[in-house]
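Reader: I've got a model open on my screen and I'm a bit lost. Could you walk me through how to read it?
Author: Sure, let's pull it up and go feature by feature.

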Amino acid sequence: MSSLQDKVAMRHMDMYMEQEEKYTEAVMSDTERLQTKLQSEMASRLNFDLSTPPVRWGPWLYYRRVEEGKQYPVLCRRLASLNEEFISHKSPSSGFDFTSGKKIEQKLLNYNQEAERFGGYAYEELSEISPDHKFLAYTMYDKDNDYFKLSVRNLNSGSLCSKPHANCVSNLAWVKDGQALLYVITDENKRPYRIYCSMIGSTDEDVLLLEEQDENVYVNLRHTKDFHFVTVNTFSPTFSKVFLINAADPFSGMTLAWESEGIVHCILEHHQGYFYLFTDAAKNGQTIDHHYLLRSPVDSSSNPRIWENVFIDDENLVIEDVDFCKSHLVLITREGRNHRICSISLPLPDGKQAVHLRELQPYFLPLPKHVCNISPGPNYDYYSTTMRFTISSPVMPDAVVDYDLSNGKWNIIQQQNMLHERTRILYGTALSSAIAEKTTNVKFSSMNDVKSEDENLWNDLSEFYACEHHSVSSYDGAMVPLTVVYSRKNRKDNQSPGLLHGHGAYGEILDKRWRSELKSLLDRGWIIAYADVRGGGGGGKKWHHDGRCTKKQNSIRDYISCAKYLVEKEIVQESKLAGWGYSVGGLLVASAINCCPDLFRAAVLKVPFLDATNTLLYPILPLTAADYEEFGYPGDIDEFHAIRKFSPYDNIQKDALYPAVLVSSSFNTRFGVWEAAKWVARVREQTIYDPKHPILLNLMTDIVEENRYLQCKESAMETAFLIKAMES
């Protein structure tokens, strides 16, 4: 099945997958009416966003909108001065200001036309407007060649520029105020290794600025928010370095700004005479669990450059992310499970000594209850005092919020209103005036919840759905965060079925956002739970490292401990617990099933990583250094044995009764469909057959990711499968 270039093998695979599809349809045939009902429910909750929230950058409002009957959106812009109170859902397709009779919308890129260039498929990875707003550089996925192709479009004429036209592009950064473009290309193993500079409008060949020949070294770049510098990050398993390029003169060479041992995260920014570095690198040879902020004067003559701490370390306050504008520094912080956003006026005091955060008189901005994630951006405009964030919660649809850092006022730009089954997209003064009457700055304090009179502004669903936080003791005493969501009206004590989500890899935070398709389960009395096991994010570097490579068993045992807790505490009825895992989360759930098959009644594994041993030994699809860091190098004997111990395919129990499992896979995934197929075949071969415990393989089409109605169909099938498994 993995012989992708063998036409005979591919023909056999098509026949095999067709048989699997027919078997799945036969098993699920008695749920057709239920699937239709579920699909109708889920479709009714779809976000009918005619436009993304407009992003203001300089004089322009940029946004994407969907034209009626078209599959892909159109990238547009309008002059903000012509339409200060633009409301996107009123008539975005007209493009006219009917008062003045002037056309105020400019179409920049029609992705439906791009789909015609790329075989009917339009997937964009990178998109960068030049700082002078004259050009758009973007990369589109070429499905036939499996790479991203760079194009540059003149926004005044709408035509494509003659150059650059590069393939295999992974990064972009504008320099010389938009007159030149830096880009990174990858080698045959998808390793970013070369940086080129292309002068827009010139016929000269693009200039190679850097080539990293060591196959273990990766390269990426980004511009600082003020476009004064471009930072070049090079990293390998043994080192991480940050170099600087003067954006006004990109051919003047690169200067080393900072370096550290091992792979570490580091972002460098520039602000009024200082460089700021946000990193989780070791300090004085000691591993640091969380990120911290450093700064260094731009004109520093020391070599190597000396970096000073901005804040005094506070073990109770974790800085998750930072963002800059000309007037403010914004921190996304966390105290335990309490997420917050605070702003600090710039410039900071010139003293070289680190200070406590409270000494800088931070303002903490209003947030709803039960926030599980805060994502900054897009915040392109360095000179604006308004910053945008997406606020996520298990009991609230994502809210896109603009905060005015100069006065603390805030404005919900976009949020789905689940109570009315429709979407609210607002931009301008209509909403902000209502909010401004109630919103004031929140001074430094231990509370970050919005005052009660503001709660109704958030479309918070906590009146109808409860969100509880538990701490579960794992096998070794480690306390694992467990989030439990349920319907206040429909939950039945000790009689509710439950669905336990898990991920636990790459230090990534488990996605606990409100998902409208889960409402169908919640309203049927289901418990939805999320286990933040070791290996995932939210607990610092040690939490991540304690669940990766030779310690991967910790992730699996944490997940099992949370599953047992749900049953023992009678949150979920015994024999009515299901597991759910996506990608490497599929490895977690499948491994837990191998250990305790009788603990679960059902499971859904989406594009799962199931054959770790063979994938790491003989990678058919390219793997990165981060993949081997996460799961182990099979060339190391200890790590090889650890991989064999957690690899789901290698640990299927013989003559055991497994739960009902639905495995969904696709050819458009970094974990090949053959992994799913061979795992399903071996489970059927080695375990006890029971028609009430079917092992099903569902092959999703590539277009599902682009089509929300097909997504509804897939979600309806998964939900019907879970309901059927519990009721049989």
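Reader: Let me start with strands. Which residue is the bridge partner of valine 184 in β12?
Author: Isoleucine 195 is the one you want. Keep in mind that this is a predicted model. That residue pair belongs to a longer match: β11 (residues 180-186) and β12 (residues 192-199) are joined by seven bridges, and the two strands run antiparallel.

Reader: What order do the strands take in the sheet that holds β11 and β12?
Author: Read it as β10-β11-β12-β13, an open sheet of four strands with antiparallel pairing. At the edges sit β10 (169-175) and β13 (207-211), and each of those pairs on one side only. Neighbouring strands in this sheet are turned against each other by 20 degrees on average, direction ignored.

Reader: Now the sheet with β22 in it. Which strands are its edges?
Author: Start with the order again: β22-β23-β24-β25, an open sheet of four strands, paired antiparallel. The edges are β22 (318-324) and β25 (363-364), each with pairing on one side only. Try following β24 (residues 338-345) across to β25: two bridges join them, and they run antiparallel. In one of the residue pairs, serine 343 has tyrosine 363 of β25 as its bridge partner.

Reader: Okay, helices next. How do I describe two that pack together?
Author: Two packed helices are described by the angle between their axes and the distance between those axes. Here, take α1 (residues 7-27) and α12 (residues 673-686): their axes come within 12 Å and cross at roughly 60 degrees. Because of that crossing angle, α1 counts as oblique to α12.

Reader: Is the crossing of α1 past α12 left-handed or right-handed?
Author: Left-handed. To find the contact on your screen, pick out Met13, Tyr16, Met17, Glu20 and Tyr23 on α1, then Val673, Ala677, Val680, Ala681 and Arg684 on α12. Sorted by class, the contact of α1 with α12 has eight nonpolar residues, two charged ones and no polar ones.

Reader: What should I look for in the backbone itself?
Author: Most residues other than glycine have a negative phi, and most peptide bonds are trans. With that in mind, go looking for exceptions. Lysine 163 and proline 164 are joined by a cis peptide bond, with omega about 0 degrees. You'll find proline 164 in the loop between β9 (147-154) and β10.

Reader: Which residue is joined to proline 378 by a cis peptide bond?
Author: Glycine 377, and omega is about 0 degrees there. Proline 378 lies in the loop between β26 (373-376) and β27 (386-393).

Reader: And phi? What value does cysteine 168 have?
Author: Near 60 degrees, which is positive, and this residue isn't glycine. Cysteine 168 is located in the loop between β9 and β10. Phenylalanine 227 also has a positive phi, near 65 degrees. Look for phenylalanine 227 in the loop between β14 (218-223) and β15 (229-235).

Reader: Is phenylalanine 227 buried or exposed?
Author: Buried, because its relative accessibility is 15%, and buried means under 20%. Cysteine 168 has 23% relative accessibility, so cysteine 168 counts as partly exposed.

Key: Residues numbered from 1 in each chain as written. Predicted model: local features only at pLDDT ≥ 70, side-chain atom pairs only at ≥ 80, totals over all residues. Heavy atoms only, no water. Pairing = 2+ DSSP bridges. Axes fitted to C-alpha atoms, helices over the stretch in contact; angles between N-to-C directions. Parallel < 35°, antiparallel > 145°, perpendicular 65-115°, else oblique. Left-handed = near helix turned anticlockwise from the far one by under 90°. Contact = heavy atoms within 4.5 Å. Nonpolar A, V, L, I, M, F, W, Y, C, P; charged D, E, K, R; others polar. Buried < 20%, exposed > 50% of the residue type's maximum accessible area, 1.4 Å probe, protein only.
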